[in-house]
Amino acid sequence: MPELPEVETIVRKLAPAVIGRTIAGIELLYRPLVRTGRKALAGLRGRRVLGVRRRGKLLLIECQGGRTLVFHLKMTGQFLFAGETDPRDKHTRLVVRFEDGTNELRFRDVRKFGFLLCLEGEPETASRELAGLGPEPLLVGQDEFARILKARKGRIKSVLLDQRRLAGIGNIYADEMLFDARIHPERPASSLTNTSIARLHDSMNKILTAAIASSGSTLRNYRDAEGNEGRFQDSHKVYDRTGEPCVRCGTPVRMKRIGGRSSHYCPRCQPAPRRRKAPCIPCP
DNA sequence: GCCACTGTTAGCAT
DNA sequence: CATGCTAACAGTGG
């Protein structure tokens, strides 16, 4: 479940709790979690944590000596702190112990989709996963945003979800920002007017900023590193509100599968794109 | 019990 | 290259 606002929330909890601490050991409980750098992982013992940051939906833990742990939480990855003697549940995939021994950091992931890279050197250049990402939605300017959208033939929602175009937007926030900007999720990205693009840029900033301020959305199992739930689900206007009245016009919110993803929208506030007339083949 | 569904995305087909 | 499905996994809810 974690998208940009959830990963950002986790980063903010994790940073003060681990920066400056020295790693005493790492226990890998599910080997396939580590996609690259399993050997480098063992070499983290004795190194200090220098920083924690986010890129798209990835969470980066930067350590002394130019090594970086890169986590993707996919659907069900989560971090928690626990005492070293507290029982571990069966979904715990990795444990980081620290020299101060006050608590340990655990990564658990029910569905096992999450992954970890242990990189040496500049992360942005050391891995495809990072190098291929588009700009940060909260940093991209309106002009570049417009260029990204206008160059795409596909549906606007699919473009928002494409991490090579913009990094960090997932299903929930794509639906919410499209509703806010009154754009139908199936509108071809290249067909958007400058006005619509400007509105969508504003909505993207507004929704993501508000979601971060509310510590993300908890619909099923998302929790931050302290076990807290997010509160932004209370502000969802369309996501997970199928059949409920649109907050703007009262029309029931509709759910439709678009590009394999459940998509929620108001059929009245977000009118369907006009179907193009068939080209006149034997145009005389 | 069975079936449908789930917030991601890599990999493959077109 | 771009775009569109589906599988990978495990649990939950009907």
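User: What keeps C246 and its closest cysteine, C269, from being called a disulfide?

Analyst: Distance does. This is a predicted model, and in it the sulfur of C246 sits 3.7 Å from the sulfur of C269. A disulfide needs two cysteine sulfurs within 2.5 Å, so at 3.7 Å this pair is too far apart for a bond.

User: And C266, how far is its sulfur from the closest cysteine sulfur?

Analyst: That closest sulfur belongs to C249, and the gap is 3.7 Å. Set against the limit of 2.5 Å, that is too far for a bond. A search of the whole structure turns up 0 disulfides.

User: Are C246 and C266 buried or exposed?

Analyst: Buried means under 20% relative accessible area. C246 has 4%, so it counts as buried. C266 has 0%, so it is buried too.

User: What about Q270: where does it lie, and is it buried or exposed?

Analyst: Q270 lies in the segment after β11 (261–265). Its relative accessible area is 0%, which is under the 20% limit, so Q270 is buried.

User: Which backbone oxygens does the side chain of Q270 reach?

Analyst: One is the backbone oxygen of L178, at 3.4 Å. Another is the backbone oxygen of I183, at 2.9 Å. A polar contact needs N or O atoms within 3.5 Å, and both distances meet that limit. Leaving aside neighbours within four places in sequence, Q270 is in contact with L178, F179, R182, I183, H184, P185 and Y265.

User: Let's turn to the sheet. What makes β2 and β3 its edge strands?

Analyst: The sheet is open and has 5 strands, in the order β2-β9-β5-β4-β3, with mixed pairing. Strands β2 (34–36) and β3 (49–55) each pair on one side only, and that makes them the edges. On average, neighbouring strands here are turned by 25 degrees against each other, direction ignored.

User: How do you know that β4 and β5 are paired?

Analyst: Pairing takes at least two bridges. Strand β4 (residues 58–63) is joined to β5 (residues 67–72) by 6 bridges, so the two count as paired, and they run antiparallel. In this pair, I61 stands opposite L69 of β5. Helix α1 (residues 4–18) packs on the sheet, where it touches β3 and β4, and its direction makes about 175 degrees with that of β3.

User: Which residues are around DNA strand C?

Analyst: A residue qualifies if one of its heavy atoms is within 4 Å. Those around DNA strand C include K90, H91, K112, F113, K153 and R164. Of the strand's atoms that come within 4 Å of the protein, 54% are sugar and phosphate.

User: What makes K90, K112 and K153 polar contacts of DNA strand C?

Analyst: Again the limit is 3.5 Å. The side chain of K90 has an N or O atom 3.2 Å from a phosphate oxygen of DNA strand C. For K112, a polar side-chain atom is 2.6 Å from a phosphate oxygen. For K153 a polar backbone atom is involved, at 2.8 Å from a phosphate oxygen. Each distance is within 3.5 Å, so each is a polar contact.

User: And DNA strand B: which residues come nearest?

Analyst: Of the 18 residues around DNA strand B, the nearest are M1, H72, R220, R257 and R261. The side chain of R111 has an N or O atom 3.2 Å from a base oxygen of DNA strand B, whereas S262 has one 3.2 Å from a phosphate oxygen of that strand.

Terms used:
Residues numbered from 1 in each chain as written. Chains lettered and ligands numbered in written order. Predicted model: local features only at pLDDT ≥ 70, side-chain atom pairs only at ≥ 80, totals over all residues. Heavy atoms only, no water. Helix = DSSP H or I, 4+ residues; strand = E, 2+ residues; numbered from the N terminus. Axes fitted to C-alpha atoms, helices over the stretch in contact; angles between N-to-C directions. Contact = heavy atoms within 4.5 Å. Buried < 20%, exposed > 50% of the residue type's maximum accessible area, 1.4 Å probe, protein only. Polar contact = N/O pair within 3.5 Å; in protein donor to acceptor, adjacent residues only side chain to side chain.
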